[in-house]
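Hi everyone, thanks for coming. Let's take a few minutes to walk through a structure together.

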Amino acid sequence: MKSAAPGVVTSTVDQLAALGRSNSLWTLTFGLACCAIEMISTHMAHHDLDRFGVVTWPSPRQSDVMIVAGTVVKKMAEPIKLLYEQMPDPKWVIAMGTCATSGGPYYRSYSVVMGVDHLVPVDVFIPGCPPRPEALMDGIMKLQEKIKFDAKNGYRSAPINLETATELENEAHDRTSNG
Ligand code: SF4
């Protein structure tokens with residue numbers, strides 16, 4: 001959105017829709033293992049995701065964001081793809097925890113998918129075993145920024161990896177600290 005003149009702001013319909021969507025995310029919570037406990041905790045009163053406009057929703061038909069939290073075993077691959085396809089566009093996916101991002105402790109196990117991005121497109125990868133609720137909140141806020149950024153630029157940008165983002169932020173901080 002641009003300020004054309006004092007007191008006047010111009011925008012596009014896409015940007016306005018993205019602003020609304022990013023502040024009203026309905027999450028299809030896909031808890032598959034221990035990370036699900038942290039995801040559930042994030043939605044409860046102590047962390048209170050509602051204040052970011054995020055509510056958990058039991059049906060894919062009205063959900064915008066699928067949060068995959070836990071170990072993705074191969075037997076769950078088809079249900080995950082089916083539920084993703086049932087979500088209306090536009091839709092986003094968060095992979096929470098190292099199991100969902102890359103297989104985690106079960107890396108190269110015969111029964112585990114090496115990251116849910118092998119099944120559905122992922123927008124935000126959150127590292128950790130398990131990630132704390134604060135990490136999930138960070139991921140959701142990064143997704144909100146991504147939704148607005150993509151609407152402004154007219155394309156779907158690359159997924160956000162919080163591990164890499166943290167490393168880059170740390171490097172930038174070190175460079176600043178070292179003058
Ligand atoms: S990343 Fe760790 S905590 Fe999360 S589901 Fe896998 S083993 Fe459990």
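Here's a question to start: in which sense do strand 3 and strand 5 pair, and over how many bridges? Before I answer, please keep in mind that this is a predicted model. Now, strand 3 covers residues 26-31, strand 5 covers residues 65-69, and the two pair in the parallel sense over 5 bridges. If you'd like one pair to look at, find Phe30, whose bridge partner in strand 5 is Val68.

Let's zoom out to the sheet. These two strands belong to an open sheet of 6 strands, with the order 4-3-5-6-7-8 and parallel pairing. At the edges stand strand 4 (55-56) and strand 8 (160-161); each has a single partner strand, so one side of each is left without a neighbour in the sheet.

Next, find helix 2, residues 35-43. Helix 2 lies across strands 3, 4, 5 and 6, and runs at about 155° to strand 3.

Follow the chain on from there, and in the loop between helix 2 and strand 4 you'll meet Leu49. Is Leu49 buried or exposed? It is buried, because its relative accessible area is 0%, and the cut-off for buried is under 20%. Leaving out residues up to four places away in sequence, Leu49 touches Thr42, His43, Val54, Met137 and Ile140. Leu136 is 87 residues from Leu49 in sequence, yet their C-alpha atoms are 9.9 Å apart in space.

Last stop, the ligand. Among the residues around the ligand are Cys34, Cys35, Thr71, Cys99 and Cys129. By class, this shell has 7 nonpolar residues, 4 polar ones and no charged ones.

Thanks for listening!

Note on methods. Residues are numbered from 1 along each chain as its sequence is written. This is a predicted model: local features need pLDDT of at least 70, side-chain atom pairs count only at pLDDT 80 or more; totals for chains, interfaces and linings use all residues. Side-chain values use heavy atoms; hydrogens and water are left out. Two strands pair if DSSP finds at least two bridges between them. Helices (H or I, at least four residues) and strands (E, at least two) are DSSP runs, numbered from the N terminus. Contact means heavy atoms within 4.5 Å. Axes are lines fitted to C-alpha atoms, for helices over the stretch in contact, and angles run from 0 to 180 degrees between N-to-C directions. A residue is near a molecule or strand if one of its heavy atoms lies within 4 Å of it. Ala, Val, Leu, Ile, Met, Phe, Trp, Tyr, Cys and Pro count as nonpolar, Asp, Glu, Lys and Arg as charged, and the others, Gly among them, as polar. Buried means under 20% relative accessible area, exposed over 50%, partly exposed in between (1.4 Å probe, protein chains only).
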